[in-house]
Amino acid sequence: MAYSLIGSEKVRTALDLSREPRRLRESYGMTIFGQAALTARRLIEAGSRFVSVFWDEYGLAGSAWDTHWDHYPRMKQELMPGFDLALAGLIEDLDARGLLDDTLVLCLSEHGRTPKLANVKGGGRDHWSRAYCGLLAGGGVARGKVVGKTDRIAGSVVERPTSPKDILATVYHLLGIDAETTLTDRTGRPMPLVPDGAVISEVLA
């Protein structure tokens, strides 16, 4: 079944970015990440229900968003330009095609960066889990809403903290699945779908 799926004409067509106008491809950014985001939109149009796009910067610095050194040069010259183009291109393209209202876009990371710079070449920001953000768009999410707040240096959450489990519960809710559902494993034990997670009602349209 898996082989027939990846070998199908429908999938081959969805993966063929040469079918897109050059101008549209450039609106996503001519980077691996940008073209992967465009591929995601094509896969959605082809009927995919779930698509993941991972950051990739092959041929560049190689350490992705791990800006332990040269933070400012890498953010300004390498990371943010490609990210901004790809995310904006995806959301604008989905919206223009009438797909955004039915497609939930999530932009997530595993942690944030230290609010204070390390004293290294070019400045550095290390791993930081006390405060970081995520972005949700489309698929039943209100436009232009900001939920939560940090202190003035983005070091700690001071208003409306949310957790990864809350985001997951919100995604299930938007998919029409009760986040408080309990499943039973093979040994008969009840397993909550999202233990300790709550829907972030403020982001809902």
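## A walk through the predicted model

Starting at the N terminus, the elements of the protein chain follow the order α-α-α-α-α-β-β-β-β-β-β-α-β-β. That makes six helices and eight strands. Please keep in mind as we go that this is a predicted model. The C-alpha trace spans about 55 × 50 × 35 Å along its principal axes. Of the 205 residues in the protein chain, 29% are buried. The chain exposes about 13,600 Å², and 57% of that is supplied by carbon and sulfur atoms. Among contacts with a separation of 6 or more, 57% join residues 24 or more positions apart.

Let's go inside next. In soluble globular proteins, nonpolar side chains tend to be buried together. Here the largest nonpolar core has 14 residues, and the members that touch the most others are Tyr28, Ala37, Leu90, Leu94 and Val105. At least two residues of this core come from each of helix H3 (22-28), helix H4 (32-45) and helix H5 (71-96). H5 gives the largest share, with five residues. To see how one of these residues sits, click on Leu90: leaving aside residues up to four places away in sequence, Leu90 touches Tyr28, Ala37, Arg41 and Val105.

Now for the aromatic rings. The whole structure holds four aromatic pairs. The ring centres of Phe33 and Phe83 lie 6.3 Å apart with their planes at 15 degrees, so this pair is stacked. Phe33 belongs to helix H4 and Phe83 to helix H5, 50 residues apart, and the pair thus links distant parts of the chain. Both Phe33 and Phe83 are buried. Trp55 and Trp65 form an edge-to-face pair, at 5.1 Å centre to centre and with 65 degrees between the planes. These two tryptophans are 10 residues apart, and both Trp55 and Trp65 lie in the loop between H4 and H5. Trp55 is partly exposed, because its relative accessible area is 23%, and Trp65 also counts as partly exposed, at 28%. Phe33, Trp55, Trp65 and Phe83 come together as one aromatic cluster.

Charged side chains add another layer, with 17 salt bridges found in the whole structure. One of them joins Arg97 to Glu20 at 3.9 Å, N to O. Arg97 lies in the loop between H5 and strand E1 (105-107), and Glu20 in the loop between helix H2 (9-14) and H3, so this bridge ties together parts that are 77 residues apart in sequence. Glu20 is buried, at 9% relative accessible area, whereas Arg97 is partly exposed, at 36%. Both residues belong to a network of salt bridges that also links Arg41, Arg42, Glu45 and Asp93.

A salt bridge within one helix joins Arg74 and Glu78, at 3.3 Å, N to O. These residues are four apart in helix H5, which means they are separated by about one helical turn. Arg74 and Glu78 are both buried. Further along the chain, Arg160 and Glu202 meet in a salt bridge of 2.8 Å, N to O. Arg160 is in the loop between strand E6 (157-159) and helix H6 (164-174), and Glu202 is in the segment after strand E8 (190-192), so the pair ties together parts 42 residues apart in sequence.

We finish on the surface. Tyr3, Leu5 and Ile6 form a nonpolar patch there, with about 410 Å² of accessible area together. Ile6 lies in helix H1 (residues 2-6), and it counts as exposed because its relative accessibility is 59%.

Technical notes. Residues are numbered from 1 along each chain as its sequence is written. This is a predicted model: local features need pLDDT of at least 70, side-chain atom pairs count only at pLDDT 80 or more; totals for chains, interfaces and linings use all residues. Side-chain values use heavy atoms; hydrogens and water are left out. Patches are made of residues with over 30% relative accessible area and no salt bridge: like charges are joined within 9 Å, nonpolar side chains (Val, Leu, Ile, Met, Phe, Trp, Tyr) within 5 Å. Accessible areas come from the Shrake-Rupley method with a 1.4 Å probe; for residues, only the protein chains shown count as cover. A salt bridge is a side-chain nitrogen of Lys or Arg within 4 Å of a carboxyl oxygen of Asp or Glu. Buried means under 20% relative accessible area, exposed over 50%, partly exposed in between (1.4 Å probe, protein chains only). A nonpolar core is a set of buried Ala, Val, Leu, Ile, Met, Phe, Trp, Tyr and Cys residues joined through side-chain atoms within 4.5 Å. Contact means heavy atoms within 4.5 Å. Rings of Phe, Tyr and Trp (its six-membered ring) pair if their centres lie within 6.5 Å; planes under 30 degrees apart count as stacked, over 60 as edge-to-face and the rest as tilted.
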